[in-house]
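Biologist: Could you take me through this model residue by residue, stating the cut-offs as you go?

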Amino acid sequence: MTKKRPTSPLGGTQQADSTAPPDAAATPDPVNHQAEAPLNTDPTLPPYETVALVLQGGGALGAYQAGVYQGLHEAGIELTCLAGISIGALNIAIIAGNPPEKRIARLTEFWETICQPNFGVALHPFVEQSLFNLNDMVRQSLSAWHAGSAMMNGQKGFFTPRFPPAPQITPGKPETASYYDTSALKDTLERLCDFDRINSGEHEVSVGAVNVRTGNFVYFENTKIRLRAEHFMASGALPPAFAPVEIDGDYYWDGGLVSNTPLAHVLESRPMRDTLAFQVDLWSARGSVPTNMSEVSDRIKDIQYSSRTRLVTEQLRWSQYLRHMLLSMLEDIPQDVRNDKKAYYQLAEDLACSKRYNVIHLIYRNRPYEQHYKDYQFGLATMREHWECGQKDIRLTLQEPERLAMPEDVSGFVTHDVHREELEHRMHRNTRRAHARKS
């Protein structure tokens with residue numbers, strides 16, 4: 001018998017434990033930009049020692065990550081490691097700070113809270129969604145309106161315009177050196193997250209930030225310190241919009257200033273472990289050449305914050321290949337020679353590694369209506385579409401169980417990206433058709 005899943009407040013599907021606010025439940029489904037992928041509710045995972053969720057920064061685009069997590073939750077995939085930067089860190093706080101049966105509801109509450117303006121009257125969700133479903137021109141107009149509202153009014157439970165404004169030249173305080181005040185975010189996180197649970201050891205949790213004084217990139221990890229709301233806020237304190245967050249006498253800004261993804265941190269942690277990592281990116285390095293100044297601004301952000309995920313994974317793959325090769329070479333050296341205790345033998349044994357890594361890429365793809373302000377336009381309808389896109393992408397990924405398999409190649413390192421695989425398949429198919437026409 002097929003078990004029917006209840007409708008999600010965000011237009012998809014979710015577990016029965018999640019609840020929706022009345023307005024959200026009445027909201028029509030977002031526009032379907034791709035075919036609905038059936039859910040694989042029983043993916044069998046190999047014996048990975050770590051199953052990680054790695055979340056990039058990207059502001060309002062972060063609802064895509066919530067959709068990916070919902071898909072993983074629906075599929076019953078249990079995570080052991082959670083790492084994030086900026087908005088990814090805030091999503092991590094909600095996930096790690098709640099029991100499994102409450103996480104989707106809490107993520108929904110978080111996103112539906114911060115997608116409301118601080119002041120004024122917002123469009124009724126039904127009206128906004130109905131307008132959003134008309135066409136891309138209307139979506140673009142709504143997006144511009146929400147971005148302008150965020151700049152002028154801030155977002156509920158997130159940030160408010162600073163008044164009086166921060167001084168431009170005269171000395172002030174680090175805590176007020178920004179255009180917006182994020183003290184409301186602390187209240188939101190403490191309301192929605194159980195920090196005792198975050199620090200319980202149920203998950204390894206790490207979030208990245210930059211020390212303003214030294215310029216050094218740091219990770220706050222629950223295996224080393226007790227994490228508080230301030231650590232997650234520091235990871236998302238992007239200047240000049242947000243002020244640095246003070247932690248133990250030092251001030252920290254958004255980790256995206258140095259690196260917008262914690263993937264290398266997760267894969268290079270010691271001791272090394274067989275790892276399956278779901279890497280969720282909000283900026284795509286690939287894109288079209290811009291033809292106007294708005295597109296130029298949009299493309300700059302894509303390039304600046306995309307983190308070169310594929311380049312990073314290729315470097316990690318090469319490093320792991322060398323470790324595997326070093327291990328094979330050591331196995332060919334007689335044990336009595338290795339017992340000679342020479343320094344380079346010991347160094348080689350320390351560097352050699354047989355661990356294996358599987359990185360699943362999920363990269364948000366721009367919509368035609370989105371502009372350079374897509375990371376700070378917090379419209380409800382756009383948020384729901386981002387969320388649904390994340391759900392669909394992870395469902396499409398989990399349709400093929402072999403994508404989760406332990407790597408068996410010589411490097412012990414594989415990557416998967418359903419959109420890249422689709423593109424490659426389409427290119428191969430077109431090539432075959434071209435050859436067939438010639439013959």
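**Around glycine 57**

Modeller: Leaving aside residues up to four places away in sequence, glycine 57 touches Ile85, Ser86, Ile87, Gly88, Asn260, Leu282 and Trp283, where contact means heavy atoms within 4.5 Å. This is a predicted model, in which local features need pLDDT of at least 70 and side-chain atom pairs count only at pLDDT 80 or more, whereas totals for chains, interfaces and linings use all residues. Residues are numbered from 1 along each chain as its sequence is written, and side-chain values use heavy atoms, with hydrogens and water left out.

Biologist: What is the relative accessible area of glycine 57?

Modeller: Glycine 57 is placed in the loop between strand 1 and helix 2 (63-74), where helices (H or I, at least four residues) and strands (E, at least two) are DSSP runs numbered from the N terminus. Buried means under 20% relative accessible area, exposed over 50%, and partly exposed in between, with a 1.4 Å probe and protein chains only. Glycine 57 is buried, and its relative accessible area is 3%.

Biologist: What distance separates the C-alpha atoms of glycine 57 and aspartate 375?

Modeller: Along the chain, glycine 57 and aspartate 375 are 318 residues apart. Their C-alpha atoms are nevertheless separated by 9.5 Å.

Biologist: Serine 86 is among the residues that glycine 57 touches; is serine 86 buried or exposed?

Modeller: Serine 86 sits in the loop between strand 2 (81-85) and helix 3 (87-96), and its phi is positive, about 60°, although it is not a glycine. Most residues other than glycine have a negative phi. With a relative accessible area of 11%, serine 86 is buried.

Biologist: Aspartate 248 also has a positive phi; what is its relative accessibility?

Modeller: The phi of aspartate 248, which is not a glycine either, is about 50°, and the residue lies in the loop between strand 7 and strand 8 (250-254). Aspartate 248 counts as exposed, its relative accessibility being 69%.

Biologist: Which residue does the cis peptide bond from arginine 270 lead to?

Modeller: Most peptide bonds are trans. One cis bond, with omega near 0°, runs from proline 239 to proline 240, and proline 240 lies in the loop between helix 9 (229-235) and strand 7 (245-247). The bond from arginine 270 is also cis with omega near 0°, and it leads into the loop between helix 10 (263-267) and strand 9, at proline 271.

Biologist: How many residues of strand 9 are buried?

Modeller: Thr275, Ala277, Gln279 and Asp281 point one way from strand 9, while Leu276, Phe278 and Val280 point the other way, and all are buried. For strand 9 (residues 275-281), which is mostly covered, the count is therefore seven of seven.

Biologist: Which residue in strand 10 is the bridge partner of valine 280?

Modeller: Two strands pair if DSSP finds at least two bridges between them. Strand 1 (residues 50-55) runs parallel to strand 9 and is joined to it by six bridges, with valine 51 standing opposite leucine 276. Strand 9 and strand 10 (residues 357-363) also pair in the parallel sense, over seven bridges, and there the partner of valine 280 is leucine 362.

Biologist: What percentage of the residues in the protein chain is buried?

Modeller: The chain's secondary structure comes to 16 helices and eleven strands. Of its contacts with a separation of 6 or more, 77% join residues 24 or more positions apart. Among the 439 residues in the protein chain, the buried share is 51%.
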